[in-house]
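Dear colleague,

Please find below the structure that I agreed to pass on to you. My notes on it follow directly after.

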Amino acid sequence: MNILKLLADLAEVDPTLYDRLSSRRAAFAPLSKLGRKAALAALPVALATAIVPAHARDIRTILDSLNLALVLEYLESEFYARALGLVAGAPSVPAGFFPAGTRPAIETIYRHEQQHVRFLERVIQASGGTLPAKPRFDFTGSKNGAQAAVFADVFTNFDTFLQVAQTLEDAGVRAYKGQVGFLQTDNSLLEAALRIHAVEARHASHIRTMRRARGANVKNWVSATDASIAVPGKTEAVYAGEELVNQFIAGLRQVPFDQAPLNTVVAVAKVAEAFDEPIPASTATSLVSIFTY
């Protein structure tokens, strides 16, 4: 069986095939440890799990991806606006909420998020799309008091505020990456999305720097050595899968990071840090829902 030809033929019929295969990299990883005959025998089984019926495929359009990006930007923009006291009718943050020297950075990030919102709104409208309704946000996670708060002191405790900021920024970075495949037929939109993605990654890194300056055990990038800020049953998905150490390119060719001189436990851990993983739209939407009601 010519596996590569089979994959190429299937990809012509279903352009999302490689995306799904990539998302199954953990499942495919053991194949690299099998002998040639065993691997070839197992590969069709793995392929069968990736070839799903048309009705089960993600048939997301470019506008769907842009709408998701806009909702994420609404979320981040409003989060920083509330902390800065810029949302009419929202509870004000206490005096002294921002430690000395920290407010300007949050103001800058807020202005970036505003620009992202305006850009995406204009692109969606110019494309003939309808803007999604701006959600009602509750950053405590209590859904306006309907349930116990997840981040009760988000706007009274600066450290909690930074933890939520890191959660939103890290999730945003992964969510943009998850939509790249749906924008690849429009070079202009793809480039714009990558520009926004890069800025969101810089926001995440800066928030992490601010947390570390206040004593948090966190690197500027996602690392297994970071002190976890994931809330069980709520925000684990933000970091789920970031521990992967296998990367594949088209044709199921594994990039051999586990070869010498990287063949040590420490070096392999660095491979996981070197690659940020995407999250699908469903995961991003679920994370947004934690802060909406």
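Asn144 lies in the loop between H6 and H7. This is a predicted model, and the values that follow were computed from it. Phi of Asn144 is near 60°, a positive value in a residue other than glycine. Lys143 is found in the loop between H6 and H7 as well, and its phi, near 50°, is also positive although the residue is not glycine. Most residues other than glycine have a negative phi. With a relative accessible area of 55%, Asn144 is exposed, whereas Lys143, at 29%, is partly exposed.

The aromatic residues may interest you next. The structure holds 16 aromatic pairs. In one of them, the ring centres of Phe98 and Phe158 are 5.8 Å apart and the planes stand at 65°; because an angle over 60 degrees counts as edge-to-face, the pair is given that description. This pair links distant parts of the chain, 60 residues apart: Phe98 sits in the loop between helix H5 (62-83) and helix H6 (103-126), and Phe158 belongs to helix H7 (residues 158-183). Phe98 and Phe158 are both buried.

A further pair is formed by Phe139 and Phe155, with ring centres 6.1 Å apart and planes at 80°, so this pair is edge-to-face too. Both Phe139 and Phe155 lie in the loop between H6 and H7, so their pairing ties together parts that are 16 residues apart in sequence. Phe139 has a relative accessibility of 1% and counts as buried. Phe155, at 17%, also counts as buried, because the cut-off is under 20%.

The four residues just described, Phe98, Phe158, Phe139 and Phe155, belong to one aromatic cluster. Its other members are Phe79, Tyr80, Phe97, Phe137, Phe151, Phe161 and Phe291.

Helix H7 itself deserves a closer description. How far apart should the ends of H7 be, at 1.5 Å a residue? For its 26 residues the expected span is 38 Å, and the end C-alpha atoms are 37 Å apart, which agrees. The helix is mostly covered, since 21 of its 26 residues are buried. At the N-terminal end, Asn157 acts as a cap: one of its side-chain oxygens lies 2.9 Å from the backbone nitrogen of Asp159.

H7 packs against helix H8 (residues 187-213) at an angle of about 160°, and the two axes are 9 Å apart. Because angles over 145 degrees count as roughly antiparallel, H7 is described as roughly antiparallel to H8. The crossing in which H7 passes H8 is left-handed.

Lastly, I draw your attention to a residue within H8. Arg208 is located in this helix. Is Arg208 buried or exposed? Its relative accessible area is 1%, so Arg208 is buried. The side chain of Arg208 reaches the backbone oxygen of Trp221, at a distance of 3.0 Å.

In viewing the model, you may wish to start from the loop between H6 and H7, which holds Asn144 and Lys143 as well as the pair of Phe139 and Phe155. From there, Phe158 leads into H7, and H7 in turn packs with H8, the helix that contains Arg208.

Yours sincerely

Key
Residues numbered from 1 in each chain as written. Predicted model: local features only at pLDDT ≥ 70, side-chain atom pairs only at ≥ 80, totals over all residues. Heavy atoms only, no water. Phe/Tyr/Trp six-rings, centres within 6.5 Å; stacked < 30°, edge-to-face > 60°. Helix = DSSP H or I, 4+ residues; strand = E, 2+ residues; numbered from the N terminus. Buried < 20%, exposed > 50% of the residue type's maximum accessible area, 1.4 Å probe, protein only. Expected span 1.5 Å × (residues − 1). Polar contact = N/O pair within 3.5 Å; in protein donor to acceptor, adjacent residues only side chain to side chain. Axes fitted to C-alpha atoms, helices over the stretch in contact; angles between N-to-C directions. Parallel < 35°, antiparallel > 145°, perpendicular 65-115°, else oblique. Left-handed = near helix turned anticlockwise from the far one by under 90°.
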